[in-house]
Amino acid sequence: MEKKTWVMLENNPDVMNQLATKLGLSSELQFYDVYSLDEPEQLAHIPRPALALLVIIPLTPAWDRSRKAEDASKEPYTGSGPDEPVIWFKQTIGHACGSIGVLHSLINGPAVDFIKRDSDLAVIRSLAIPLDMTKRAEMLYNSEPFELAHKSVEQAGDSYADPTGERDGGHFVSFVKSGGELWELEGSRKGPLKRGSLADDEDILSPRALDMGIKRIINLNADEGGESLCFSCIALAHRS
């Protein structure tokens, strides 16, 4: 059977807010554009604390080598159950990285408290908790509500997405704070990645979280003299 392949989503607040609403996130939260990682005044429009950061960034040679080296030392992920610090999905649907990034952002950390009861999002999260990595991926692969939600926004945004086109090397990564730790969540890795501890007053856009998260990836490229990266970030926070 041919593997499912969807249309890649644009990392745009309008698109991801529509997707989050369709899945069952409360209107109390929304995604915002992140205009700068270095200038606080460029983040002033985002209510704090920010609950998740969703990034799409090119797979540079330096990041690719770092990923492969890190994953080579890890065993296949075995987490499951109610004590699992984060819920992570292995991606088995082609080009679903954006939707899975949104899912990771909504079902982990403080955003969980804003999932509508009995919504598709609540059901997916509840079904996922007891499953191992393989069965969890199968559940999501076969989830009609998840597929319908994705397809409802796949032509939204500012750019046309060609469903027959090859992916351009961009990877969606979600960063969330859960249990006082910064987690890097991406469906094409071997499992969730714990990047370090955050204090109670440090959110996902705090200098420390950015240094351990997205800036770590940016610096891998810069340290090898790579060209300036073109990437996109949106943050999940309370509606202003």
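Strands S3 and S4 make a hairpin with two residues between them, and glycine 179 in its turn has a positive phi of about 60°. The model is a predicted one, and this hairpin is a convenient place to enter it.

S3 covers residues 170-178 and runs antiparallel to S4, with five bridges joining the two strands. On the other strand of the hairpin, S4 takes in residues 181-185. S4 also pairs with S5, a strand of residues 193-197, again in the antiparallel sense and over four bridges. S4 thus has pairing with S3 and with S5.

Tryptophan 183 shows both pairings at the level of one residue. Valine 176 stands opposite tryptophan 183. In S5, lysine 194 is the bridge partner of tryptophan 183.

The surroundings of S4 can be read from its accessibility. Because five of the five residues of S4 are buried, the strand is largely enclosed by the rest of the structure. The burial holds for both directions in which the residues point: Glu181, Trp183 and Leu185 point one way, Leu182 and Glu184 point the other way, and all are buried. The buried residues of S4 therefore include Glu181 and Glu184 as well as Leu182, Trp183 and Leu185.

Another buried position is found in a helix. Glycine 98 lies in helix H3, which spans residues 97-106. Its relative accessible area is 1%, so glycine 98 counts as buried. Leaving aside residues up to four places away in sequence, glycine 98 touches Met16 and Phe172. Phe172 falls within the residue range of S3, 170-178, so this contact of glycine 98 links helix H3 to the strand that pairs with S4. Serine 119 is 21 residues from glycine 98 in sequence, and the C-alpha to C-alpha distance between them is 20 Å.

The cysteines remain. How many disulfides does a search of the whole structure find? The search finds zero. For cysteine 230, the closest cysteine sulfur is that of cysteine 233, and at 11 Å the two are too far apart for a bond, because a disulfide needs the sulfur atoms within 2.5 Å. Seen from cysteine 233, the closest cysteine sulfur is in cysteine 230, at 11 Å, which is too far for a bond. The two residues also fall into opposite accessibility classes: cysteine 230 is exposed, at 67% relative accessibility, whereas cysteine 233 is buried, at 4%.

Technical notes. Residues are numbered from 1 along each chain as its sequence is written. This is a predicted model: local features need pLDDT of at least 70, side-chain atom pairs count only at pLDDT 80 or more; totals for chains, interfaces and linings use all residues. Side-chain values use heavy atoms; hydrogens and water are left out. Buried means under 20% relative accessible area, exposed over 50%, partly exposed in between (1.4 Å probe, protein chains only). Two strands pair if DSSP finds at least two bridges between them. Contact means heavy atoms within 4.5 Å.
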